[in-house]
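Here are a few exercises to work through with the model open beside you. Try each one before reading on to its solution.

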Amino acid sequence: IGAAAAAGILGVTKVKENVYFGHTKQSPDQMDVLECGYHDASPDPYAPFMKFVVFTPIAADIAAVYSGMSPPAGMQTIDTHVGTESSGWIRSWAGPGLSEAHIRFRTASNIFEVEVVGLHSADAATDAALRLAGNL
């Protein structure tokens with residue numbers, strides 16, 4: 001996903017790419033794990049940001065890997081309907097009146113986790129997370 005699409009999803013005019021660990025390998029089958037993200041270019045410490053992680057398990061492991069990634073306990077769940085299987089949750093964030101939304105979904109060949117943080121309502125965070133998921 002490019003910077004212009006990320007800015008549109010976050011509802012800001014300009015974003016900067018986040019620095020994450022990039023590419024790693026993870027068990028059970030040395031699957032590739034890629035992490036990317038963007039944040040509002042504003043100096044505001046509560047400015048919105050987003051990230052997504054792509055997991056690439058082998059086909060024989062994808063269902064088991066996905067089922068082992070359960071949502072954190074105590075989160076408010078959201079309807080997602082993304083990919084072949086998905087789950088999502090929202091919660092208040094550390095900033096004043098801000099929310100974050102998470103969606104985890106799988107396709108035939110990959111598992112995706114998306115996170116959008118720092119939006120001014122649970123609905124806005126959920127909508128942004130769904131738009132991000134739809135762009136992957």
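**Exercise 1.** Which side chain makes a polar contact with the side chain of His102? Then work out whether His102 is buried or exposed.

*Solution.* Keep in mind that this is a predicted model.
- Step 1: find His102 in strand 7, which covers residues 99-106.
- Step 2: look for the polar partner; the side chains of His102 and Glu100 are joined by a polar contact of 2.4 Å.
- Step 3: check the accessibility. The cut-off for buried is under 20% relative accessible area, and His102 has 12%, so His102 counts as buried.
- Step 4: see what sits around His102. Skipping neighbours within four places in sequence, its contacts are Ile78, Ser87, Gly88, Trp89, Val114 and Glu115.

**Exercise 2.** Take Ile103, also in strand 7, and find what it touches beyond its neighbours within four places in sequence.

*Solution.*
- Step 1: Ile103 has a relative accessible area of 1%, so it is buried.
- Step 2: list its contacts outside that four-place window; among them are Ile78, Thr80, Phe112, Ala129 and Leu130.
- Step 3: look at the backbone pairing, where Ile103 is the bridge partner of Gly88.

**Exercise 3.** Which residues of strand 7 point one way, and which the other?

*Solution.*
- Step 1: recall that side chains in a regular strand alternate between the two faces of the sheet.
- Step 2: sort the residues. Ser99, Ala101, Ile103 and Phe105 go one way, while Glu100, His102, Arg104 and Arg106 go the other.
- Step 3: compare with burial; eight of the eight residues in strand 7 are buried.
- Step 4: check the strands that pair with it. Strand 6 (residues 85-92) pairs with strand 7 in the antiparallel sense over eight bridges, and strand 8 (residues 111-119) also pairs with strand 7 in the antiparallel sense over eight bridges.
- Step 5: trace the turn. Strands 7 and 8 make a hairpin with four residues between them, and Arg106 has Ile111 as its bridge partner in strand 8.

**Exercise 4.** Where on helix 3 do the buried residues fall?

*Solution.*
- Step 1: pick out helix 3, residues 122-134, which spans 18 Å from its first C-alpha to its last.
- Step 2: mark its buried residues: Ala125, Thr126, Ala128, Ala129, Leu132 and Ala133.
- Step 3: look down the axis of helix 3; these buried residues fall within an arc of 165°, so they line one face.
- Step 4: turn to the other side of helix 3, where Asp123 and Gly134 are exposed.
- Step 5: ask what covers the buried residues of helix 3; the cover includes helix 1, strand 4 and strand 7.

Note on methods:
Residues are numbered from 1 along each chain as its sequence is written. This is a predicted model: local features need pLDDT of at least 70, side-chain atom pairs count only at pLDDT 80 or more; totals for chains, interfaces and linings use all residues. Side-chain values use heavy atoms; hydrogens and water are left out. Helices (H or I, at least four residues) and strands (E, at least two) are DSSP runs, numbered from the N terminus. Buried means under 20% relative accessible area, exposed over 50%, partly exposed in between (1.4 Å probe, protein chains only). A polar contact is a pair of N or O atoms within 3.5 Å; within protein, one must be able to donate a hydrogen and the other to accept it, and residues adjacent in sequence count only if both atoms are side-chain atoms. Contact means heavy atoms within 4.5 Å. Two strands pair if DSSP finds at least two bridges between them. The expected span of a helix is 1.5 Å times one less than its number of residues. The arc is that of the directions from the helix axis to the C-beta atoms.
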